[in-house]
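Colleague: I would like to learn how to read this structure. Please take me through it feature by feature.

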Amino acid sequence: MNTPSSVIQSLHESYGTYRLHHLSAAACVHAEVQREIDLIVARGAGVVRRRDIGRSIEERNIVLLSAGTGTRNVMLWSQMHGDEPTATLALLDILARIVQDPLTPWLAEMLSAITVHMIPMLNPDGAELRRRCNAAGIDINRDARAAVSPEARTLLKAYRELTPEFGFNLHDQDLRSVGDTTQPAALALLAPPSDPARSVSHTRLRAMRIGALVATVLQPYIGGRIARYDDTHECRAFGDLFQSLGTSTLLIESGHWPGDPEKEYIRKMNAVAILTALWSIAAGSYEDAELEFYRDIPVNGRRVFDLLIRGLEARHPSGWTGPVDLGVMFERNSDRAIIKEIGDLSTHGGLETHTIGARPLPPQLARVEAVVRRAEIYDLLQIYRHDAGPGS
Ligand SMILES: [Zn+2]
């Protein structure tokens, strides 16, 4: 097989030729995804096999897409949280790459060594409403043990049938920093623990090696912007459960990239990283990945805001004034912004940062946890920038 670096480079450089251009995070609802799946299956002429494996509470079908003839199974599932579409788009991009030219030597070898099984959009009802939980308000990733929801039951049934050697649990995370740095985390990884003691079993060790591999291959494209997700054991979560059942499972959380609100770059990084990981599982090359590259990943931190405004001046009716920065977080899928911190934020970063210089902080923004419209803050920035000439 090719060396990984040449595979990664070609996946990266040719992404525009296989990316599904008309599918975006905003359009990632069940009907659109089903339409794309139909097109992929038709284009693949047998390369990608489709099977309905379950239905959501609101009767939307949940689909399993399989490619490959290998006896070793790998299972990937996305969007069990309805408002986390990035990896669904990446999975469909990967399938589009497979059907684009399944005879590419490294791809053909991969698909003869393993069979890849994908469940894109496990929670179609949540996706429709752009919310985390299913139609009954259940968080599917806290339903692995009880399996009350049809969505969790569908995933468990597929799991029992396939008994995959490797699993990929794909999510989007809230805005986090890379450890205590001011850098936003583009991705977060975790090989979830299978017990409260977080012991490192053979199964989990292999997942850590896949994590090390993903961190290494993405390094040239995202620098150090990769974090490790909280590793507290949660027995109701699927990753923790599957890890305990002997499937080496990696959690990949899509994070954030400056100037990329639709997460297009993160989607691309997902597609490249997952395809590379699948290739390395097929080739067995992940076993050479250095564990330090997983263990040394800084944990998710909280040192970054959606919007950071430096150089404001707080004013109090008593006559006191003082220089402050303003840290603002945006609510997902809404136009609301929350004032999170006021004061010295020199230790923090922003997905978007503005330095305006000794302008008054309006009273409606001068309270922590105040909720305002995003537009209100941008209008203010517009006025300040207009007054001060071109700013940052
Ligand atoms: Zn999630």
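Colleague: How many helices and strands does the chain have?

Modeller: This is a predicted model. The chain has 12 helices and 15 strands.

Colleague: What does the radius of gyration say about the overall form?

Modeller: The idea is to compare it with the value for a compact globule of equal length. For 392 residues that value would be near 21 Å, and the chain has 22 Å, which agrees. Along its principal axes, the C-alpha trace spans about 75 × 45 × 45 Å.

Colleague: How much of the chain is buried, and what makes up its surface?

Modeller: A residue counts as buried when its relative accessible area is under 20%. By that cut-off, 57% of the 392 residues are buried. The accessible surface comes to about 16,000 Å², and carbon and sulfur atoms account for 52% of it.

Colleague: Where in the sequence do contacting residues come from?

Modeller: Take the contacts with a separation of 6 or more: 77% of them join residues 24 or more positions apart.

Colleague: And how are the charges placed?

Modeller: There are 42 positive and 48 negative charges, and their mean positions are 2 Å apart.

Colleague: Now the helices. What span should α10 have?

Modeller: A helix can be checked at 1.5 Å a residue. Helix α10 covers residues 264-283, so its 20 residues should span 28 Å; the end C-alpha atoms are 29 Å apart, which agrees. Of those 20 residues, 17 are buried, so α10 is mostly covered. Just after the helix comes glycine 284, with a positive phi of about 80°.

Colleague: How does α8 fare under that check?

Modeller: For the 21 residues of α8, residues 202-222, the expected span is 30 Å and the end C-alpha atoms lie 29 Å apart, which agrees. Since 15 of its 21 residues are buried, α8 is largely enclosed by the rest of the structure. Glycine 223, just after α8, has a positive phi of about 60°.

Colleague: Why do residues three or four places apart in a helix point the same way?

Modeller: An α-helix has 3.6 residues a turn, so residues at that spacing point the same way. As a single position to look at, take valine 214, which lies in α8. Its relative accessibility is 1%, so valine 214 counts as buried. Beyond residues up to four places away in sequence, valine 214 touches Leu189, Leu250, Ala273 and Ala277.

Colleague: What should I know about the sign of phi?

Modeller: Most residues other than glycine have a negative phi. Two residues here depart from that sign. Glutamate 59 has a positive phi near 70°, and methionine 121 has one of about 60°.

Colleague: Where are these two, and are they buried or exposed?

Modeller: Glutamate 59 sits in the loop between β1 (48-55) and β2 (61-67). It is exposed, at 53% relative accessible area. Methionine 121 is in the loop between β4 (114-119) and α6 (124-129). With 2% relative accessibility, methionine 121 counts as buried.

Colleague: Which residues does arginine 60 contact?

Modeller: Arginine 60 is also in the loop between β1 and β2. Leaving aside neighbours within four places in sequence, its contacts are His30, Gly54, Arg55, Pro124, Asp125 and Glu128. Sequence distance and spatial distance should be read separately. Arginine 60 and aspartate 125 are 65 residues apart in sequence, while their C-alpha atoms are 7.2 Å apart in space.

Note on methods. Residues are numbered from 1 along each chain as its sequence is written. This is a predicted model: local features need pLDDT of at least 70, side-chain atom pairs count only at pLDDT 80 or more; totals for chains, interfaces and linings use all residues. Side-chain values use heavy atoms; hydrogens and water are left out. Helices (H or I, at least four residues) and strands (E, at least two) are DSSP runs, numbered from the N terminus. The expected span of a helix is 1.5 Å times one less than its number of residues. Buried means under 20% relative accessible area, exposed over 50%, partly exposed in between (1.4 Å probe, protein chains only). The radius of gyration is taken over C-alpha atoms; the globule rule is 2.2 Å times the number of residues to the power 0.38. Contact means heavy atoms within 4.5 Å. Accessible areas come from the Shrake-Rupley method with a 1.4 Å probe; for residues, only the protein chains shown count as cover. Lys and Arg count as positive and Asp and Glu as negative; His and the chain ends are not counted. The place of a charge is taken as NZ of Lys, CZ of Arg, CG of Asp or CD of Glu.
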